[in-house]
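Trainee: Could you take me through one part of this model closely, the sheet and whatever packs around it? I would like the cut-offs behind each term as you go.

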Amino acid sequence: MLITEEDLSLLNRNFNSWTVLALAGKDKSKKKIVLCRCVCGSLSCVRITVLFQEKSKACRRCSRIGIIINVTHGYCYTPEYRIWQAMKARINNPNSKFYHRYGGRGIKICDRWLESDGQGFLNFLEDMGTKPSEKHSIDRINNDGYYEPSNCRWATQVEQTNNTGRNKRLLYKGIERSISEWSRRLRCNPNTLTGRLKRGLTIEEALAIPIDKSKRRNIKKNIKKY
Ligand SMILES: [Zn+2]
């Protein structure tokens, strides 16, 4: 088979979710094909004409989930893929800027989202769905919990700030208040509540267990500081 300069120029080029890895000869209909890797990691042989005409933009599974790389020029990942990669870096890479706040303090990612050969990303996508908007990012509902389907949601920055520390909202007996608000009502130190939650108590337990009188006295001093 004659390999042209043009064929060779395809190597490492990106066509939507596909990256061309190697020339793969011709298919049964004598059309030139190339071995491609989808952004999820799966491999497939695709006709060159199909790539150029954008009749195939990603592997079947990725196409089915609706994840197609939005390309104008060159290579560009989907926002979800970038988020998935950044999440892995925060957890696994000690050189990552935010490692100390994540992997460094024991936060982990569930095995399902780390499966090899791109399956981890697909699982992540299947569980989380696509981002509802540009402004949404991944958020852990319990800030000390793992990155796993039951503890993650897409949230905007505003929603995320409300979910950290004393602004975290707790639903108890049908009423939702921040930890600060609950602690004021229960006349206790917010740290008592956050501490209880950190120790693994449920919201019910954390709010229902009576506050130690000795602690209550200390709190009066603390409240003045706020
Ligand atoms: Zn794919």
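Mentor: Happy to. Let us start inside the sheet: V34 stands opposite V46 in β4. Before going further, please keep in mind that this is a predicted model, in which local features need pLDDT of at least 70 and side-chain atom pairs count only at pLDDT 80 or more, while totals for chains, interfaces and linings use all residues. Residues are numbered from 1 along each chain as its sequence is written.

The element names follow DSSP runs numbered from the N terminus, with helices being H or I over at least four residues and strands being E over at least two. By that count the chain has ten helices and eight strands. Two strands are said to pair if DSSP finds at least two bridges between them.

On the other side of V34 is β2, where L23 is the bridge partner of V34. Strand β2 (residues 18-26) and strand β3 (residues 32-38) are antiparallel and share six bridges. One of the pairs in this ladder joins K26 to K32. Five residues separate the two strands in their hairpin, and K30 in the turn has a positive phi of about 65°.

Moving on from β3, five bridges connect it to strand β4 (residues 43-47), again in the antiparallel sense. C36 has S44 as its bridge partner in β4. This second hairpin has four residues between its strands, and there G41 takes a positive phi near 110°.

Put together, the four strands make an open sheet in the order β1-β2-β3-β4, with antiparallel pairing. β1 (14-15) and β4 are the edge strands, each with a single partner, so one side of each has no neighbour in the sheet. In general, strands of a sheet pair through backbone hydrogen bonds, either parallel or antiparallel.

The loop between β1 and β2 holds N16. Its backbone is worth a look, as phi of N16 is near 55°, a positive value in a residue other than glycine. A residue is called buried if 20 or more other C-beta atoms (placed from the backbone) lie within 10 Å of its own, exposed if 12 or fewer do, and partly exposed in between. N16 counts as buried because it has 20 C-beta neighbours inside 10 Å. E54 also has a positive phi, about 55°, although it is not a glycine. E54 sits in the loop between α2 and α3 (60-65), and it is exposed, with 11 other C-beta atoms within 10 Å. Over the whole chain of 226 residues, 20% count as buried.

What packs around the sheet? A nonpolar core here means a set of buried Ala, Val, Leu, Ile, Met, Phe, Trp, Tyr and Cys residues joined through C-beta atoms within 7 Å. The largest one has 26 residues, of which W18, C38, C40 and F121 touch the most other members. β2, β3, α4 and α5 each supply at least two residues of this core. Domain 1 (1-69) and domain 2 (72-163) both contribute residues, so the core lies between them; the domain bounds come from an automatic or database domain assignment.

On the helical side, α4 (residues 79-92) has Y81, W84, M87, R90 and I91 as its buried residues. Their cover includes α5 (119-128) and β5 (137-140). Two residues are in contact if their C-beta atoms, placed from the backbone, lie within 7 Å. Leaving aside neighbours within four places in sequence, F121 is in contact with C40, Y81 and W84. As for helix geometry, the expected span is 1.5 Å times one less than the number of residues. The 14 residues of α4 should therefore span 20 Å, and the end C-alpha atoms are 20 Å apart, which agrees.

Finally, a word on confidence, which pLDDT gives for each residue on a scale from 0 to 100. The chain averages 82, and 84% of the residues score at least 70. Among the elements, helix α2 (residues 48-52) has the highest mean pLDDT (95), while helix α10 (residues 213-225) has the lowest (51). Residues 70-76 stay under 50, and the model has seven contacts for them beyond four places in sequence. Where pLDDT is low, the predicted coordinates should not be read in detail.

Definitions and conventions
pLDDT = per-residue confidence, 0-100.
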